[in-house]
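Trainee: I have a model open and would like to go through it with you. Where should we begin?
Mentor: Let us start with the secondary structure and proceed from there.

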Amino acid sequence: ADRLSATDLTAVFADFQRAVERDRDLLTELDTAVGDGDHGTNLDRGMRAAVEALAAIPQDTPGGVFNLVGRRLVSTVGGASGALYGTAFLRAARAAGAAEALDAATCTAVLRDATTGIAERGKCATGDKTMYDVWMAASTAAAAAAGDGLPALLAAASTAAGAAEQEMVPWQARRGRASYLGERSKDHRDPGAVSSRLLFGCFAAWADA
Ligand code: ADP
Ligand code: MG
Ligand code: MG
């Protein structure tokens with residue numbers, strides 16, 4: 001489809017919730033190695049709450065869906081990732097506005113603003129080895145592919161997210177709990193980068209269906 005409706009976006013978030021539930025133990029193991037071992041449970045709890053809220057209070061715009069998911073994540077996830085994903089989706093909601101559906105141009109703006117929100121909330125930059133590196137890679141690839149239509153944009157974003165998550169493995173973390181490890185944060189996958197890659201994969205799978 002060339003446009004993403006509220007129903008489509010609700011389905012993408014339901015898919016992301018299932019992906020997080022399926023990979024909860026992996027995400028938690030990765031966070032046990034470089035953090036406090038709660039990323040899988042944090043995001044699983046948050047996304048369950050978000051999907052429950054979407055079922056209870058159906059939204060008729062993509063902006064409404066992003067807003068509800070963002071608010072639920074902020075209120076149910078205590079960790080850094082709740083604030084970061086929450087901020088990203090609240091910024092996405094603002095960029096989506098009252099539009100009935102999102103086309104490639106709007107999706108590019110939505111992803112750009114969400115990514116900026118993570119940088120501001122996390123006080124992070126590219127190269128810090130956080131989820132932000134994955135969002136930035138996805139956002140940059142989406143902007144470059146925007147002229148090719150929404151499915152191509154989402155496929156490009158997902159491919160770039162996967163490449164970024166792999167590329168950063170040898171890096172040293174400079175933000176978040178992993179940064180406390182200094183050099184020992186090298187050669188580990190970043191939990192938030194992995195969950196972000198899952199999210200972009202869900203958008204690409206929707207576009208491909
Ligand atoms: P917490 O670290 O509070 O336990 P989580 O374990 O749920 O939260 O999430 C950890 C992930 O959040 C990290 O893998 C990283 O991607 C991301 N993260 C943490 N702090 C920052 C930050 N300051 N900027 C960007 N991303 C961050
Ligand atoms: Mg943690
Ligand atoms: Mg924690």
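Trainee: How many helices and strands does the chain have?
Mentor: This is a predicted model, and its chain has nine helices and two strands. In sequence order, the pattern reads β-α-α-α-α-α-β-α-α-α-α.

Trainee: What radius of gyration does the chain have?
Mentor: The value is 16 Å, which agrees with the figure near 17 Å for a compact globule of 209 residues. Along the principal axes, the C-alpha atoms fill a box of roughly 45 × 35 × 30 Å.

Trainee: And what share of the residues count as buried?
Mentor: Of the 209 residues, 54% count as buried. As for contacts with a separation of 6 or more, 65% come from residues 24 or more positions apart.

Trainee: Take A114, then. Is this residue buried or exposed, and why?
Mentor: A114 is buried, because 25 other C-beta atoms lie within 10 Å, and the cut-off for buried is 20 or more. The residue belongs to helix α6, residues 104-122.

Trainee: Which residues is A114 in contact with, leaving aside neighbours within four places in sequence?
Mentor: Those are A88, F89, R91, A92 and W135. F89 is 25 residues away from A114 along the chain, yet their C-alpha atoms are separated by 6.2 Å.

Trainee: Changing topic: which residues come nearest to ligand 1?
Mentor: Of the 23 residues around ligand 1, the nearest are G79, G122, T130, G176 and G192. Helices α3 (39-56), α5 (80-96), α7 (131-145) and α9 (191-208) each give two or more residues to that shell.

Trainee: What is the make-up of the shell by class?
Mentor: Around ligand 1 there are seven nonpolar, nine polar and seven charged residues.

Note on methods:
Residues are numbered from 1 along each chain as its sequence is written. Chains are lettered from A and ligands numbered from 1 in the order in which they are written. This is a predicted model: local features need pLDDT of at least 70, side-chain atom pairs count only at pLDDT 80 or more; totals for chains, interfaces and linings use all residues. A residue is near a molecule or strand if its C-beta atom, placed from the backbone, lies within 6 Å of it. Helices (H or I, at least four residues) and strands (E, at least two) are DSSP runs, numbered from the N terminus. Ala, Val, Leu, Ile, Met, Phe, Trp, Tyr, Cys and Pro count as nonpolar, Asp, Glu, Lys and Arg as charged, and the others, Gly among them, as polar. A residue is buried if 20 or more other C-beta atoms lie within 10 Å of its own, exposed if 12 or fewer, and partly exposed in between; C-beta atoms are placed from the backbone. Two residues are in contact if their C-beta atoms, placed from the backbone, lie within 7 Å. The radius of gyration is taken over C-alpha atoms; the globule rule is 2.2 Å times the number of residues to the power 0.38.
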